[in-house]
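Please open the structure in your viewer and keep the selection box handy. We will go from the whole molecule to single residues, one stop at a time.

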Amino acid sequence: MSELPTEPVPLTGGEAVVRALAAHGVTQAFGIPGTHNLEIYRHLAAYGVAHVTPRHEQGAGYAADAYARVSGRPGVAITTTGPALLNIAAAVGQAYSDSVPLLVVSPGMPLRHPRQPTGLLHEMRSQTEALRGVAAFSHRVSAVEEIAAALARAFTLFTTGRPRPVHIEIPLDLLEAAEPVGRVRIAPQAGPALPAPAELRRAADALRAASRPALVLGGGAREAAAELLALAEELAAPVVTTANGKGIVDESHPLSLGVSLHSPAVQKWLADRDVVLAVGTELAESDLWSAPPELSGTLVRVDVDPAQMYAEVPADVALVGDARQSLRELLAAYRSRGPLGGGAGRQGTAEPRVAREGETRAVPPRAAELRLVRDTGPGDGDARAEALASAREAVTELRLARDAHAEALAGAHRGVAGLRRERDAETRDRDARWLPYLAAIRATLDTDAVITSDSAQCCYYGAIPHLPVAPDGRYLHPTGFGTLGYALPAAIGAKTAAPDRQVIALSGDGGLQFSVQELATAAQLQLPLPVVVFDNGGYGEIRDEMTARGDAPAAVDLAPVDLPALARAYGGHGEHATTPEALAAALARALTTPGPTVITVPEETAR
């Protein structure tokens with residue numbers, strides 16, 4: 001990698017871009033070279049930035065999005081001007097919806113380009129105005145020296161607030177122009193934002209007084225998985241997640257309701273909770289598939305975005321800050337002040353706790369008794385007997401608290417099991433077609449596998465609620481903006497970020513064909529990449545909605561395509577699987593076969 005200069009040196013705009021990316025730790029980019037961005041591509045290798053070339057800019061955006069979600073680092077996409085930038089706009093909108101740190105770098109019209117059209121290649125009225133509608137900000141630089149500052153601003157947004165996509169435009173003449181450039185600007189390192197102490201105390205008081213608590217977790221809670229599990233178990237509080245929060249708490253845990261916010265039974269249960277702790281979630285229509293619920297109790301919200309505190313579901317107690325650090329502070333505040341009575345005696349624990357590297361563990365009653373006896377110290381027999389009696393009384397209280405907590409936890413486990421049965425009964429007939437196939441997928445994959453999905457019935461009705469994921473795994477889904485064609489290019493980005501982990505894509509036949517050309521990308525990279533496609537002959541969700549309205553289905557039935565044959569034409573592999581056993585076998589082969597393997601499951605066999 002080239003040394004980063006510290007004194008002013010002449011750099012072209014293209015090199016200034018790559019130098020600034022490398023200074024922020026970028027080692028991977030996605031994009032497609034074009035006539036106007038060649039000066040950027042010229043410098044990638046010299047600065048140690050690897051590159052993947054998808055077959056469409058929208059695929060580049062989805063791949064960079066998934067790379068960011070899996071790696072924890074911003075995803076970078078490079079486009080050329082005009083149509084290329086508009087091609088990636090859907091992916092930028094998806095990243096905005098899902099709070100993904102995606103950086104898009106593109107050329108733009110020259111600095112002195114007139115507002116009147118001149119017929120310049122890829123000319124459009126305003127690229128920045130177009131991208132401002134879907135990005136956190138879109139900025140056009142006016143000097144080579146400004147490039148590093150603009151990129152530092154983007155990386156500051158990624159690391160100090162709610163991460164959302166950014167577009168940086170470099171005018172064509174600046175890309176090729178060499179201007180003196182000083183030291184590269186770097187986004188400052190900042191510690192995690194912390195909630196106000198008074199709000200932490202209010203939240204702790206609310207939780208200690210709760211008799212019917214619940215946790216709702218979104219994608220913003222992912223880094224606080226350990227703290228949330230500890231809090232859920234300590235409160236004996238059931239946990240429900242959004243699609244982006246899937247797997248933060250192991251979905252096989254007896255307190256987990258999984259992704260169930262759309263269930264009428266779960267919504268009714270949630271509305272009856274006396275305290276709801278919502279972490280890193282908008283509680284939006286895209287999470288609930290309906291209007292936000294009317295909560296009868298106290299809503300405690302934890303979010304790095306202050307705007308969520310007065311959003312459609314306003315917070316009663318607002319904890320504005322980083323989720324992980326906020327939950328650590330909340331746990332400490334909850335444990336430091338003892339039980340309040342009411343629900344606290346049942347939901348919490350009054351056992352003494354010993355901190356170790358930010359974590360906590362309970363001191364068993366017998367160990368506490370021995371410690372108390374040891375600490376009474378020397379003295380006459382009566383004093384020591386009195387101290388010992390007091391110690392035993394304290395230990396008795398600890399045992400009672402422990403037993404009460406165990407009873408509350410067992411009751412919560414039974415309640416969650418009942419809610420799961422009620423939830424599943426609501427959609428048993430609709431979802432039955434996918435369940436044995438999803439079980440076969442789960443049995444074949446490692447626990448840390450990455451699963452990408454599309455806006456397809458097999459995903460939002462099937463895999464999201466019914467395919468369990470643990471914290472060491474990931475499930476990536478295009479929520480909110482709800483784009484089609486996400487799964488395949490996202491799987492390429494995820495595999496690029498984590499080449500040693502299993503990655504599979506789940507899609508429908510309609511959604512896959514929005515980005516099916518990315519099979520060529522996976523084939524060229526020789527990525528072992530299963531692509532499981534539930535084929536219902538078109539746009540099944542829209543077909544069902546038309547039927548439900550009493551309309552005759554129109555424009556939703558697609559001519560059949562031999563997708564496995566298409567995969568082979570792209571240089572990959574393909575199979576049909578008409579039973580769960582056949583799917584499991586095909587999936588096992590695909591996970592060790594270089595290149596993509598399309599495995600189709602005809603839905604008439606899965607009913």
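The tour starts with the overall view, moves to the nonpolar cores and then visits a handful of residues.

**The whole molecule**

Show the chain as a cartoon first, and bear in mind that this is a predicted model. You should find 24 helices and 22 strands. Turn the protein along its principal axes: the C-alpha trace spans about 100 × 65 × 45 Å. The radius of gyration is 27 Å, which agrees with the value near 25 Å for a compact globule of 607 residues.

Now switch on the surface. About 24,800 Å² is exposed, and carbon and sulfur atoms supply 54% of that area. Of the 607 residues, 54% count as buried. If you colour by charge, expect 55 positive and 70 negative side chains, with the centres of the two sets 4 Å apart. Contacts reach far along the chain, too: among those between residues at least 6 apart in sequence, 73% join residues at least 24 apart.

**The largest core**

Select Val92, Leu529 and Val531. These residues have the most contacts inside the largest nonpolar core, a set of 45 residues. To see what builds this core, colour the elements that give it two or more residues: helices H3 (57–71), H4 (83–97), H19 (487–497), H21 (518–525) and H23 (563–569), together with strands S5 (102–108), S19 (503–508) and S20 (529–535). Helix H3 gives the most, with 8 residues.

Apart from this core lies another one, of 37 residues; pick out Leu228, Leu231, Ile248 and Leu409, which are among them.

Back in the largest core, zoom in on Leu529 and show what surrounds it. Beyond its neighbours within four places in sequence, Leu529 is in contact with Leu488, Ala491, Ile492, Val503, Ala522, Ala590, Gly595, Pro596 and Thr597.

**Gln526, in the loop ahead of S20**

Next, select Gln526, in the loop between H21 and S20. Check its backbone: phi is about 60°, a positive value although Gln526 is not a glycine. Is Gln526 buried, exposed or partly exposed? It is partly exposed, because its relative accessible area is 42%, between the 20% and 50% cut-offs.

**Ala135 and its surroundings**

Move to Ala135, in the loop between helix H5 (127–132) and strand S6 (137–140). Ala135 has a relative accessible area of 6% and is therefore buried. Outside its neighbours within four places in sequence, Ala135 is in contact with Val92, Tyr96, Pro165, Val166 and His167. You have already met Val92, one of the residues with the most contacts inside the largest core. Try the distance tool here: the C-alpha atoms of Ala135 and Ala89 are 8.6 Å apart, with their positions 46 residues apart in sequence.

**Thr81, out of sight**

Which loop holds Thr81? Thr81 lies in the one between strand S4 (75–78) and H4. Its relative accessibility is 0%, so Thr81 counts as buried. Show the residues that Thr81 touches, leaving out those up to four places away in sequence: His36, Pro107, Gly108, Met109, His122 and Gln127. For a distance check, Thr81 and Glu15 are 18 Å apart, C-alpha to C-alpha, and 66 residues apart in sequence.

**Leu283, another positive phi**

Go on to Leu283, in the loop between strand S12 (275–279) and helix H11 (285–288). Phi of Leu283 is near 50°, again a positive value in a residue other than glycine. Leu283 counts as buried because its relative accessibility is 5%, under the 20% cut-off.

**Thr298, in a strand**

Select Thr298, in strand S13 (298–303). With 27% relative accessibility, Thr298 counts as partly exposed. Its contacts beyond four places in sequence are Asp274, Val275, Val276, Asp316 and Val317. Draw a line to Leu207: the two C-alpha atoms are separated by 9.4 Å, although the residues are 91 apart along the chain.

**Last stop: Thr579**

Finish at Thr579, in the loop between strand S21 (573–576) and helix H24 (580–590). Thr579 is partly exposed, at 31% relative accessibility. From Thr579 to Glu294 the C-alpha distance is 43 Å, and the two are 285 residues apart in sequence.

Methods: Residues numbered from 1 in each chain as written. Predicted model: local features only at pLDDT ≥ 70, side-chain atom pairs only at ≥ 80, totals over all residues. Heavy atoms only, no water. Core = buried A, V, L, I, M, F, W, Y, C linked by side-chain atoms within 4.5 Å. Buried < 20%, exposed > 50% of the residue type's maximum accessible area, 1.4 Å probe, protein only. Helix = DSSP H or I, 4+ residues; strand = E, 2+ residues; numbered from the N terminus. Contact = heavy atoms within 4.5 Å. Rg over C-alpha atoms; globule rule 2.2 N^0.38 Å. Areas by Shrake-Rupley, 256 points an atom, 1.4 Å probe, with all protein chains shown as cover. Lys, Arg positive; Asp, Glu negative; His and termini not counted. Charge placed at Lys NZ, Arg CZ, Asp CG, Glu CD.
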